[in-house]
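Reader: Please take a close look at a single part of this model, one chain and the contact it makes, and state the cut-offs behind each term.
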Amino acid sequence: MAALAKPENDMPRPNIAKAGLQLPAVKDYEQVDREIMATLRPTKAWFACLLVAIFCLIIGGTAWTYQIHEGLGVAGYNPPVMWGVYIVTFVFWIGIGHAGTLISAILYLFRAGFRTTIYRCAEAMTVFAVMTAGLFPILHLGRPWKFFWLIPYPNWRLIWPNFKSPLVWDVFAISTYLTISTTFLFIGLIPDVATLRDAEKNPIKKQILSVLSFGWRNSEAEWRHFARAYLFLAAFSTPLVLSVHSIVSFDFAMSLVPGWHTTIFAPYFVAGAIFSGMGMVFTIIIPIRKFFKLQHYVTLNHLDAGAKLCLFTSMVVGCAYMVEFFIGWYGGSPVEQQYWMNRVFGQWWWAAWIMLTCNMILPLSLFSQNLRRNPSWLFILSFFINLGMWFERFVIIVPGLSHEYEPWQWTGYVPTFVDYSILIGSFGWFFMWFLLFIRQLPVLALSEIKEIVPPKLKRVHHHPPEAPGDFEADTPGEFA
Amino acid sequence: MIQGMLGAFKELDATVDAIDALKKARLGELTVYTPTPRHELEHAVHPPISPVRRFTLAGGLFGAIAGYWIAIWCSEYWPLVVGGKAIATWIPFTVFSFELMVLIGGLSTVAGLFICAGIPRLTMTVGYDGRFSHGDYGVWVQCPPDKLKDAEAILRRCGAVEVRGAQ
C-alpha cells in the first residue's frame, strides 16, 4: 500500500506524482467528495458565462430562422462552392468530439494514469460537441425539416437511402457515435450520481437523483459487472473513434474534387480530430481547475502528459500537410499542382498560413517542458489550435470547390453574417450545455479519483509518512 | 423476511479481515459495499467472472449481421442500377455492419450490466447505508436469527465502527 500523504490542513498543496501516489494533496475519500461536490454550487461567474452562451445561441437561432424564411441563398454559397462554413463547422465539431472518447476509452485501455482526472470533462465535451456537429448537416439543408429522409425508415413510397453514399455512412457513424458516447458518459456517471443522492438533503432532489442513479448501492457485485461493462464499452469505443472521423473524411475522399481525392484523408482526419479535441480539452479544463481550485486534482503532470499528446498529434498533422503538398507536386497532375499552388500561395494563402502557423508551428513550443507545464500558455495555445483546426477544414473544403478542373468554374467564397452568426450560435449551444452539465453533475469522476487515493488502513505499513514540508515544488513526476 | 447484520468499516484492511473471517465461519451470504472498486475486496470475496461479456458478444454479432442485412435488403428492394456495379456490395456495406455492431454491442453491454447488477432498483435494499458511497466500507451478512450474535462478534472483532442488525 502506498503511504498516505499528510498535509497540515485541508488547503491544496503543490502536487507531485510519486511512485504509487498520484495525488499527494488528496488525503482521503471524504476530501474528494467535499471538494469536487463544491463545484456544483452556482457562482456569479457561472451565471455570467451561461448568459453569454445563451446570448450567442439566440444570435445563431435568429440567423437560422432568417435563413429558413429567406432560403439558403443568404448563406454565402457561390456555386460551385456549395459547401461552406456549415460543413467546415460540422467537421470542426466532430473533430472536437474525438478527444473525449480518446481520453475516456483509448487511454483507459492503455492504463494511462493522467486520464483519470480529466476524462469526465472530456466525455461531456464529446457528447455536446457531437450534438452541436449533428445540427450542421441539418442547417445545411434547403428544407431542414426533411432531414429524416436519410434514415432508412419504412415509408409508403417504399424507397430507401443509397447505402453506397458516404453521406448515409455519416448518418450511421455519427448517430452511433453520439449514442455510444452518451451511454459511456451516463454509465460512468451512475456511481457518482449515487454519491450525490446519498449526500443530498433536499427530498425532491434526492428523489430525482435516486431515479438517475438507478438505485446503485456500491456493492462489490455491482462494481464487478460495472468494471466489465465499462471495459467492453471502452473496447467498442476505440475503433468507433477511428471509424467516425475516417467516415467523415470519406465525404471528401470519395469525390473527385482536386485536393480531396486522396487516400491519406482517413488517418490525417483522425489525427487532426484528436489534436483539435485536446486543444478544446485545454480550453475547458484549465479554467475549471483554476476557478474551482482543483489544481491538486488536475495537476501539472496531467497537463504535461496531455500537452505531449497534443504535440505528437500536431506533428502527425504537420506531416500529413507536407505529404499532401509533396504528392500534389510529385503526382504530376496539372490540376492538383494548380490547386496546391492556389491553396498555399494563391487565392487562399491567408487561410492556409493561419492553419500552418496554428497547427504546425506554434505547437512546437510544447517541446519546452516549461511551456508544457505552464497552464496560461496551454490555455492561449488551445485557442490557436481551435482557430487553426477550424481553418484546416476551411482550407480543405473551400479552396477545393473554388478551384476545380475547368477555369470557368473558378470562383471565390465570402461567408455572410448568417454564416458567422450560426458559427457563433454553435459555440453558444455547446457551452450552454457544458455549463449546465458542470452545475448539475460532478465535473471530475468521484469514484475513479477515489481509486487512485490510498485507502485508510488499520495496520501501519512500513512506508514512512510524508512530512508536511516534503512536497517538492512542481517538478516532473511519473507521468511527465 | 431478510435478517442479517451490517458492519461499517473505516479501513480497507479491516474490511478484508471481516470478509475472510465471515467466510470462514460460514454464517451466510455476504454483500460488500465499497465507495470505489478495490482489488483487495475482489480477492477476498473471490466472485465468479461477470457474464456481461456474453451480452456484448451476442449484441455485437447480431449488430454486424443486421448491418449487412439492412443495407442488402434495402438495396435489393429499391435498386439503384449503375452499369458495372453490383446492387449489393460488401465493401461499403461493411461500414453499416461495423457501426451497427458497435451500436447494438454497446447497448447490449449496458443491458447486460443492468440485468447482472439488478438495476434499475426501485427501492434501497436492506443493509445499505448512504455512507458507503462516500468513504466507508460495509459488510452485510444475511443469516438466520441464531447466527446473528456470531456475525456481530466477528464484525466487532475485525474493527467495525458500527454494527447493527436489520430485518
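Author: From the N terminus on, chain B follows the order β-α-β-α-α-α-β-α-β, which amounts to five helices and four strands; both kinds of element are DSSP runs numbered from the N terminus, helices being H or I with at least four residues and strands E with at least two. The model is predicted, with local features requiring pLDDT of at least 70 and side-chain atom pairs pLDDT 80 or more, while totals for chains, interfaces and linings use all residues. Residues are numbered from 1 along each chain as its sequence is written, and chains are lettered from A and ligands numbered from 1 in the order in which they are written.

The C-alpha trace of chain B spans about 85 × 30 × 25 Å along its principal axes. Its radius of gyration is 25 Å, whereas a compact globule of 167 residues would have one near 15 Å; the value is taken over C-alpha atoms, and the globule rule is 2.2 Å times the number of residues to the power 0.38. Of the 167 residues in chain B, 41% are buried, that is, they have 20 or more other C-beta atoms within 10 Å of their own, with C-beta atoms placed from the backbone. Two residues are in contact if their C-beta atoms, placed from the backbone, lie within 7 Å. Among such pairs in chain B at least 6 apart in sequence, 83% join residues at least 24 apart.

The contact between the chains takes 59 residues from chain B and 52 residues from chain A. On the side of chain A that touches chain B, H7(A) gives the most, with 16 residues.

Technical notes: A residue is buried if 20 or more other C-beta atoms lie within 10 Å of its own, exposed if 12 or fewer, and partly exposed in between; C-beta atoms are placed from the backbone.
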